[in-house]
Amino acid sequence: MAIKRIRKYKIHREGVNIIIYSFILLLVINLLSHRFLPSGLFIGLGVVSLLFFLLIVNFFRSPRRHFNMEDTTGIVVAPADGKVVVIEEVMENEYFHDKRIQVSIFMSVVNVHANWYPVDGKVLYAKHYNGRFQAAWLPKSSTENERSTVVLETEDGVQILMRQVAGALARRIVTYAKPGDECSIEEHMGFIKFGSRVDVYLPLDTDIKVTMNQLVTGCHTVIAELKKKEN
């Protein structure tokens, strides 16, 4: 079944204040430059300021997306825009304390940085950790960088873990999920300001539907199908 594409863009609530403050600061700088700098430098600074402001606005864009497959049972959808940089079996030691398949998506500066829930279900666990700000593509960034961990349970009783990981430029991870919340694939789970990577930890018998370096779209691309939990 076809999936509807992005319908409309808006500014994410996490970026409203930053955009307003940036606009005021750049406006003041350019007004002062108009008074004290030669016309050539003023024009050059104005062009740079405009490009910088548009980059900030683009970073905080928040597309409205809809996942229109009628049956989402067992479906795991990409929680973020970006590129698949990890598909491997790892030991997950924070919550499950067993082996899982890790699928990681790296978000570049041009990607949407809102994060969606990867499954329909409920939130079992949510915890934020302070940490370092290493490059997000490094393997140890998943356990050493600033991060937030959320564990979700599907209606079939299958549990998966999603982790937001800050990068070298990221300085704030926002997580809306709270234990006990109901969650939907079309809802925002959080936002990573100026960063950088999302990890999903799945059961070993999960059927992975993506490949390394594949570009994925949050709330659209199916990254895996879960095996139904037996009673």
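I'll start with one pair: Glu 89 and Lys 99 form a salt bridge, with their closest N and O atoms 3.8 Å apart. Glu 89 sits in strand 4, residues 82-92, and Lys 99 in strand 5, residues 98-106, so this contact ties together parts that are 10 residues apart in sequence. Keep in mind that this is a predicted model. The pair counts because the cut-off for a salt bridge is 4 Å between the nitrogen and the carboxyl oxygen. As for accessibility, Glu 89 is partly exposed at 49%, and Lys 99 is partly exposed as well, at 47%.

How many salt bridges does the structure hold? Eight. I'll go through two others.

Next, Glu 94 and Arg 163. Their side chains meet in a salt bridge, at 2.7 Å from N to O. Glu 94 is in the loop between strand 4 and strand 5, while Arg 163 belongs to strand 9, residues 159-165, so here the parts tied together are 69 residues apart in sequence. Is each partner buried or partly exposed? Glu 94 is partly exposed, with a relative accessible area of 21%. Arg 163 is buried, at 3%. The cut-off for buried is under 20%, so Glu 94 at 21% falls in the partly exposed class.

This pair also belongs to a network of salt bridges, which links Glu 92, Glu 94 and Arg 163.

Last, Arg 197 and Asp 199. Their side chains form a salt bridge at 2.8 Å, N to O. Arg 197 counts as buried, with 2% relative accessibility, and Asp 199 is buried too, at 0%.

That's what I have on these pairs.

Definitions and conventions. Residues numbered from 1 in each chain as written. Predicted model: local features only at pLDDT ≥ 70, side-chain atom pairs only at ≥ 80, totals over all residues. Heavy atoms only, no water. Helix = DSSP H or I, 4+ residues; strand = E, 2+ residues; numbered from the N terminus. Buried < 20%, exposed > 50% of the residue type's maximum accessible area, 1.4 Å probe, protein only.
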